[in-house]
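Trainee: I'd love a close look at a single part of this model. Could you pick one helix and walk me through what surrounds it?

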Amino acid sequence: LVGAVLSDKYKGQAGALMAAAERAGLWVLVAGPDGGRFAPSLVIEQADLDEGLARFTRAVAEFVSQAQA
């Protein structure tokens, strides 16, 4: 597993970020109100990792845009 914790500015909004990730076609595990976890396959191809990170980047951009609106 790889975990991440939201900064204080976005504290308590992990669910919203995970929803944005889901809309981008990713499944990210919520780890409390301030964090998320990735659980990629141990035999994942580099191209799939790159695609997943690109999708997560778009999800984060959407989340930040909505949080600032």
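Mentor: Gladly, and let's start with what a helix is here: a DSSP run of H or I covering at least four residues, with helices numbered from the N terminus. Ser-65 lies in such a run, helix H2, so helix H2 is the part I'll choose. Keep in mind throughout that this is a predicted model.

First, the helix itself. H2 covers residues 46–68. At 1.5 Å a residue, its 23 residues should span 33 Å, and the end C-alpha atoms are indeed 33 Å apart, so expectation and model agree. Ser-65 is partly exposed, because its relative accessible area of 46% falls between the 20% and 50% limits. For a sense of distance, the C-alpha atoms of Ser-65 and Ala-39 are separated by 26 Å, and the two residues are 26 residues apart along the chain.

Now turn to the buried residues. In H2, these are Gly-52, Phe-56, Ala-59 and Phe-63, and the buried residues of the helix pack against H1 and S3. Two of the names, Phe-56 and Phe-63, deserve a longer look.

The structure holds two aromatic pairs. Tyr-10 and Phe-63 make a tilted one, with 5.3 Å from centre to centre and 55 degrees between the planes. This pair links distant parts of the chain, 53 residues apart: Tyr-10 sits in the loop between strand S1 (2–5) and helix H1 (14–23), while Phe-63 belongs to H2. Phe-63 has a relative accessibility of 5%, so it counts as buried; Tyr-10, with a relative accessible area of 13%, is buried too.

Phe-38 and Phe-56 form an aromatic pair that is edge-to-face, at 4.8 Å centre to centre and 85 degrees between the planes. Here again distant parts of the chain are linked: Phe-38 is in strand S3 (residues 35–38) and Phe-56 is in H2, 18 residues apart. The accessibility of these two partners falls on opposite sides of the 20% limit. Phe-56 is buried because its relative accessible area is 17%, whereas Phe-38, at 23%, counts as partly exposed.

Phe-38 also leads us from the helix into the sheet. Three strands form an open sheet in the order S1-S3-S2, with antiparallel pairing. S1 and S2 (29–30) are the edge strands, each pairing on one side only. S1 and S3 pair over four bridges in the antiparallel sense; Val-2 has Phe-38 as its bridge partner in S3, and Ala-4 has Gly-36. On the other side, two bridges join S2 to S3, and Val-30 stands opposite Gly-36. The hairpin of S2 and S3 has four residues between the strands, and Gly-32 takes a positive phi near 85 degrees there.

Finally, back to H2 by way of the largest pocket, which has a volume of about 370 Å³. Of the 14 residues lining this pocket, the closest to its centre are Leu-26, Phe-38, Ala-39, Pro-40 and Leu-49. H2 provides the largest share of the lining, five residues. When you rotate the model, try following Phe-38: this residue pairs with Phe-56 of the helix, bridges to Val-2 in the sheet, and is among the residues closest to the pocket centre.

Technical notes: Residues are numbered from 1 along each chain as its sequence is written. This is a predicted model: local features need pLDDT of at least 70, side-chain atom pairs count only at pLDDT 80 or more; totals for chains, interfaces and linings use all residues. Side-chain values use heavy atoms; hydrogens and water are left out. Rings of Phe, Tyr and Trp (its six-membered ring) pair if their centres lie within 6.5 Å; planes under 30 degrees apart count as stacked, over 60 as edge-to-face and the rest as tilted. Buried means under 20% relative accessible area, exposed over 50%, partly exposed in between (1.4 Å probe, protein chains only). Two strands pair if DSSP finds at least two bridges between them. The expected span of a helix is 1.5 Å times one less than its number of residues. Contact means heavy atoms within 4.5 Å. On a 1 Å grid over the protein atoms alone, a cavity is a set of points where a 1.4 Å probe fits but cannot get out, and a pocket is an open set with protein on both sides within 12 Å along at least five of seven lines; lining residues have an atom within 4 Å of a point. Grid points are joined across faces, edges and corners, and a volume is the space filled by probe spheres set on the points.
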